[in-house]
Each structure stands twice: as C-alpha cells, then as structure tokens.
Protein chains: 2
Amino acid sequence: MARILLVDDDAQLLRALRINLTARGYEVITAADGSGALTAAARTPPDLAVIDLGLPDLDGVTVVEGLRGWTSLPVIVLSARDAEAAKVAALDAGADDYVTKPFGMDELLARIRAALRRAAPASLSGDATITTAAFTIDLAAKRLTTAAGEVRLTPTEWHLLEILARNPGKVIDHRRLLREVWGPAYGNETNYLRVHFANLRRKIEPDPARPRFIVTEPGLGYRFTP
Amino acid sequence: MARILLVDDDAQLLRALRINLTARGYEVITAADGSGALTAAARTPPDLAVIDLGLPDLDGVTVVEGLRGWTSLPVIVLSARDAEAAKVAALDAGADDYVTKPFGMDELLARIRAALRRAAPASLSGDATITTAAFTIDLAAKRLTTAAGEVRLTPTEWHLLEILARNPGKVIDHRRLLREVWGPAYGNETNYLRVHFANLRRKIEPDPARPRFIVTEPGLGYRFTP
DNA sequence: GCGAGGCGTCAAGAACGCGCCAAGACCGTC
DNA sequence: GACGGTCTTGGCGCGTTCTTGACGCCTCGC
C-alpha cells in the first residue's frame, strides 16, 4: 500500500500517527526535522508526506519547497498555530492541504485518503501498459516484452523508462530525469544518463545505434516516441 | 481564467464570495441548492466547485457524489458544523478539501489556488502550443513543425524562440534576451542575438530574408507576431 | 552627401554534448 | 570469501553547436 512520510519533532505525536497509519496498512517512514525529511524522501520516495510546520531546523514551508523542486507528491501540512497567514504561505508553497492541531485522527486519515485518491490517477494514469512497434511496457507489473521475449531491466533503467513512457512525445529535461531518479542533490551528472540510456537502448531498441523510441534531443534531454 | 461554481443557500455569503473571486479574475457561476448546482455544473462545466454542506434540498455529500459520477473536478466543501464525522463523510464521498465556517477569505482563496494548481496539469496538458500560418510550436514537447515537416532547433534557438513566443506581439529587449539565455553576466553581446536569430529564421521563416514572424525592432529588440 | 551605428551574413576555430568502452566500486547472495 | 549483477567513474572520438571576427548593407542624423 501507500508509503507515507511523517515529519514532526514531537515524538509522542509521531508514535501515535505511526501506530494509526500502520494499523490501516500504510507503510510509514518518519523524520524528526526538515533536513532528515528531505534526505528520507530522496532515499525512499513516499507517496504522501505529512509535515509539521514547527520543525527544529528548517521551516516547514522550506521543506515543502525543497520537495516541490523535484517531485509532485501530495503534502499535508500540520500546524499548532491557527494563523491564517501561515496557512496561505504553506498552501502557496505547494502544500496540498493544511490541518490545524489539535485535529481528530479520523479527519487526518480522511484527508490522507482524499490526497492519495487524487494523486492515484496521475501516477498510475489509466492503462498501465504502453505498446510500440517493437515492444510492450507493462508499468504496473514492471515487465517489458519484445518480439524475442521478456527483457529484464535494472531498477534504474526502469525508473528512466517509466518517466519517459509516462510523458510520450515530450522532451524530459536532464535535470528532471536526474532529480527524479537519483534525488534532488543531482542535476549535472549527465554522464549517468548517457550510460544508462545506452544500456537501455541495447536492451529494447531494434537497432541500438540508431534509436527510434528513446530519442536524444541534444542539449535538452530525452524523448520517448511510441 | 478558471471558472468556479459556488453552491450555498446563504445569499449574503454567496455575494461576498462572488465579489472576492471575480475581483481576482475568476469566472463565477452560482447555485442556491443542490439540484441547481448539478444542472449548472452540467450546463457549463466549471474548473472547481465550492459547496456548502447544509443545502435546502439535497445534502452536500449527495451533491458531491452526483458530481463525482461524471467528472473529477476539484470540490471544496464548506460547513458550519465542526463535526468530524461530517468532514470524513464529505472527503470520502470525493471532496478534495473541507473548510469550516467561519473561515478567512484568504485561506479559502489559498485552498482554491492549491486545488486548481493540482488539477491544472491534467486538464491543461499539452495546451502549450502556439500556431502560426507557417508553423506550430509545441512548447511542452519541444517540437516545431512546419508544412515541410518537423524542424530541429538547437537549445539556444529553443530558448530564444520560447521567450518570444510566450510574449506574443511584445518587443523583448536585447538585454533581457541575453540575460535569460546566457545568464546575468551578459547584456551587450548583441552579436550573439544576430547570429542565432539568423539561424532560427533560416529554419522557420518561409522567406528568411524578409522575416514575418520574428521581427527586428531596430535599437530595441525582437518581437514575435503569430 | 557622408559618417556612425545597428543589422544580417558568412566562415573558421573552439567548446561542448553525446555515444561508446572499460575498469573499478558497491551490494546482496550463495 | 567468492561471485554475479548493478552502478559509478574516467577517458576517447566524433559530430554538432557556439563563439568570434570580418565584411557589406541599410537607416538615420548631421
């Protein structure tokens, strides 16, 4: 089920939330401060984040902005204050929802459900299979079959192919590819892309020397053309 | 701009909301009861709906379910009651957000912005295309097609064209073009512009010697005329 | 009429981005 | 501890793109 990142410096509350969420089948990872939250999100990207505004190191709004730089996962902000200005700032920074402490657990759970429900179609986007003249991608099952049979891809190769396949015809930035696959700290290591796309092409392109589906747009990025 | 459907039986509140929203550039349609809301939404589909829970005819939750049957537009529910059960019911019925009366106008506006921002990529996707008599620019996919077929542009050519195309009809300063493409340290190297615009014109103008779409404004800058 | 500045054009060298190869580092499994 | 798979890192060659300088044309002001 969905993985949720909890960020709060109140150990009590963190524990209560973790118990409630795991009891309902969510996978929970936690962080006690802002920088910890950002690294945790980069290491094991969650499907949703619940972030307290009053963190010991960074402002909650800063954390939201840090996440929004490279991912569009839903963010629910918690806050002890009822200040309207803080709500507006957090929402405009990219947060999806705002819950004021003290809150009822059922309400938070309902808001989490609502946020995940909204995000679901975007990430799973309808048919989870994409077919081209040379191969078929089953995104849900993580399977790729060519005329010659099934092809095994490494995790990184999947990640790259998935991003391209979800935006068919569009050029995807070097930076965006690096950030989404390797984390927000990356952005200039284009050699990573060169190597992994070379491997990917060798596995799925009929003629890897003259790629037809994974096209390079020099200086811009890569494009998937079905 | 975005069209918003307001549903409330309190004429006072309806008026206040309408004034605030139209002042910010939203198009507003209103309904005073549930059935009116459903027919209004069907006739002129809004981009977002704000629905009061306590309506004279139908329950607000019923209205949300009625909308969810055929559209996925974002719904924000208003309610005078602070009952948690009602919040949970509304959110699980498909509402995206829940605001308890009395609420601050700024907060509601921020929540509307957040909901619209979330919905934007799904409904606008691929809308970033500009068409002229000679070619069409797809900014999202970084594609430019003329009558003769697709044309490949270099990164700098894209950058320059994009700036002009996003401000159609407006003259863009030499300095601004240089700063946006080459960085803040540049500002006087107008020869760069001459060379790259010459290349660009050779690729996209029907008669590069007599440019029709990328016009030079001597001493000022360049202008894009669709 | 004449000079100055702005612009378009061209061509050559420099710089860059990309594909490719191969060796080393890392990690979990047996 | 050996092993296979995967990811990182560095280097090389090639083609493209960018930069740079030079030249001629046009317009405008004197």
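**Exercise 1. Two helices of chain A**

α2(A) passes α3(A) in a right-handed crossing. The model is predicted, and the exercises below work through it piece by piece. Your task: find how α2(A) and α3(A) are oriented to each other, and which residues meet.

*Solution.* Start with the geometry. Helix α2 (residues 34-43) of chain A packs against helix α3 (residues 60-68) of chain A at an angle of about 20 degrees, and their axes are 10 Å apart. Angles under 35 degrees count as roughly parallel, and α2(A) and α3(A) are therefore roughly parallel to each other. Next, look at the residues: α2(A) brings A:Gly34, A:Ala37, A:Leu38 and A:Ala41, which meet A:Thr62, A:Val63, A:Gly66 and A:Leu67 in α3(A). Sorted by class, this contact of α2(A) with α3(A) holds five nonpolar, three polar and no charged residues.

**Exercise 2. Two helix pairs around α7(B)**

Your task: describe how α7(B) packs with α6(B) and with α8(B).

*Solution.* Take α6(B) first. Its angle with helix α7 (residues 174-182) of chain B is about 135 degrees, with the axes 10 Å apart. α6(B) and α7(B) are therefore oblique to each other, and their crossing is right-handed. On the α6(B) side you will find B:Thr156, B:His159, B:Leu160 and B:Ile163; they meet B:Leu177, B:Glu180 and B:Val181 in α7(B). The residues of the contact of α6(B) with α7(B) are four nonpolar, two polar and one charged.

Now turn to α8(B). α7(B) and α8(B) pack at about 80 degrees, again with axes 10 Å apart. Since angles of 65 to 115 degrees count as roughly perpendicular, that is the description for α7(B) and α8(B). From α7(B), the contact uses B:His174, B:Leu177, B:Leu178 and B:Trp182, and from α8(B) it uses B:Thr190, B:Tyr192 and B:Leu193. The contact of α7(B) with α8(B) has five nonpolar, two polar and no charged residues. A nice detail to spot on the structure is B:Leu177, which takes part in the contact with α6(B) and in the contact with α8(B).

**Exercise 3. A sheet in chain A**

Your task: work out the strand order of the open sheet in chain A, and say which strands lie at the edges.

*Solution.* Begin with the pairings. Strand β11 (residues 214-217) of chain A is joined by four bridges to strand β12 (residues 221-224) of chain A, and the two run antiparallel. Within this pair, A:Val215 has A:Arg223 as its bridge partner. Three bridges then join β10(A) to β12(A), also antiparallel, with A:Asp173 opposite A:Gly221. Put together, the three strands give an open sheet in the order β10-β12-β11, with antiparallel pairing. The edge strands are β10 (171-173) and β11 of chain A, as each pairs on one side only. From one strand to the next, the twist averages 30 degrees.

Two features complete the picture. β11(A) and β12(A) form a hairpin with three residues between them, and A:Gly219 in the turn has a positive phi of about 80 degrees. α6(A) lies across β10, β11 and β12 of chain A, at about 65 degrees to β12(A).

**Exercise 4. The hairpin in chain B**

Your task: describe the hairpin that β11(B) and β12(B) form.

*Solution.* Four bridges join β11 (residues 214-217) to β12 (residues 221-224) in chain B, and these strands are antiparallel. B:Thr216 stands opposite B:Tyr222. Three residues lie between the strands, and B:Gly219 in the turn has a positive phi of about 80 degrees.

**Exercise 5. The surfaces near the DNA**

Which helices each supply at least two residues of the surface near DNA strand D, and which do so for DNA strand C?

*Solution.* For DNA strand D, they are α6 (155-166) and α8 (190-204) of chain A, with α6 (155-166) and α8 (190-204) of chain B. Altogether 18 residues surround strand D, and the closest are A:Thr154, A:Pro155, A:Thr156, B:Thr154 and B:Thr156. By class, the surface has eight nonpolar, six polar and four charged residues.

For DNA strand C, they are α8 of chain A and α8 of chain B. Here 22 residues surround the strand, the closest being A:Ala209, A:Thr216, B:Arg194, B:Ala198 and B:Thr216. This surface divides into twelve nonpolar, six polar and four charged residues.

Key:
Residues are numbered from 1 along each chain as its sequence is written. Chains are lettered from A and ligands numbered from 1 in the order in which they are written. This is a predicted model: local features need pLDDT of at least 70, side-chain atom pairs count only at pLDDT 80 or more; totals for chains, interfaces and linings use all residues. A residue is near a molecule or strand if its C-beta atom, placed from the backbone, lies within 6 Å of it. Ala, Val, Leu, Ile, Met, Phe, Trp, Tyr, Cys and Pro count as nonpolar, Asp, Glu, Lys and Arg as charged, and the others, Gly among them, as polar. Two strands pair if DSSP finds at least two bridges between them. Axes are lines fitted to C-alpha atoms, for helices over the stretch in contact, and angles run from 0 to 180 degrees between N-to-C directions. Angles under 35 degrees count as roughly parallel, over 145 as roughly antiparallel, 65 to 115 as roughly perpendicular and the rest as oblique. A crossing is left-handed if the near helix is turned anticlockwise from the far one by less than a right angle, and right-handed if clockwise. Two residues are in contact if their C-beta atoms, placed from the backbone, lie within 7 Å.
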